[in-house]
Amino acid sequence: EVVHSSDLESSGKPGMPGLVSMMPPNIQPYQAQGMAGQDDRKVHGRSLSADPESMKKVAAAVGGIWVLGIMLGFDYLWPLSLVFDLLGGLMSVPPLSWLLSPFSW
């Protein structure tokens, strides 16, 4: 089948509608924001160490959830009990229960 140059994507130049550029576009490689000499311990423009304000927010949320659990009638150590219950259920699944089989004698 013969494809006419008018059927192909044109170069976009008004005087040459039938020419098709086979050169790839000039795409530059990705470079992250910031200078080359900056701290390498940054992820997405932020350092890995958390700022005190966000740590206060996280502590307030965790503390609020803990107090809510106590107000609902759970023990003071209910988060540890929840973690142990979840791990117990996870370790009862056959592939993971084989890891604990020497300790179950």
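Start by selecting helix H1 (52-71) and helix H2 (78-90): each of them supplies at least two residues of a nonpolar patch. The model is predicted, so colour by confidence later in the tour.

Next, select the patch itself. Its residues are Trp-66, Val-67, Met-71, Tyr-76, Leu-77, Leu-80, Val-83, Phe-84, Leu-87 and Leu-90, which together make a nonpolar surface patch of about 1100 Å². Restrict the selection to H2 and five patch residues remain, the largest share of the patch.

Within H2, pick Val-83. Is Val-83 buried or exposed? Val-83 counts as partly exposed, because its relative accessibility is 41% and that class lies between the cut-offs of 20% and 50%.

Now show the surface of the whole protein chain. The accessible surface comes to about 10200 Å², and carbon and sulfur atoms account for 66% of that surface. Of the 105 residues in the chain, 2% count as buried.

Switch to a cartoon view. The protein chain has three helices and two strands. Following the chain from the N terminus, the elements run β-β-α-α-α.

Finally, colour by pLDDT. The average over the protein chain is 75, and 61% of the residues score at least 70. Where is confidence lowest, and where is it highest? Select strand E1 (residues 42-43) for the lowest value, a mean of 56. Then return to H1, where confidence is highest, at 95. H1 is also one of the helices that supply at least two residues of the nonpolar patch, which brings the tour back to its starting selection.

Terms used:
Residues are numbered from 1 along each chain as its sequence is written. This is a predicted model: local features need pLDDT of at least 70, side-chain atom pairs count only at pLDDT 80 or more; totals for chains, interfaces and linings use all residues. Side-chain values use heavy atoms; hydrogens and water are left out. Helices (H or I, at least four residues) and strands (E, at least two) are DSSP runs, numbered from the N terminus. Buried means under 20% relative accessible area, exposed over 50%, partly exposed in between (1.4 Å probe, protein chains only). Accessible areas come from the Shrake-Rupley method with a 1.4 Å probe; for residues, only the protein chains shown count as cover. Patches are made of residues with over 30% relative accessible area and no salt bridge: like charges are joined within 9 Å, nonpolar side chains (Val, Leu, Ile, Met, Phe, Trp, Tyr) within 5 Å. A salt bridge is a side-chain nitrogen of Lys or Arg within 4 Å of a carboxyl oxygen of Asp or Glu. pLDDT is the predictor's confidence in each residue, from 0 to 100.
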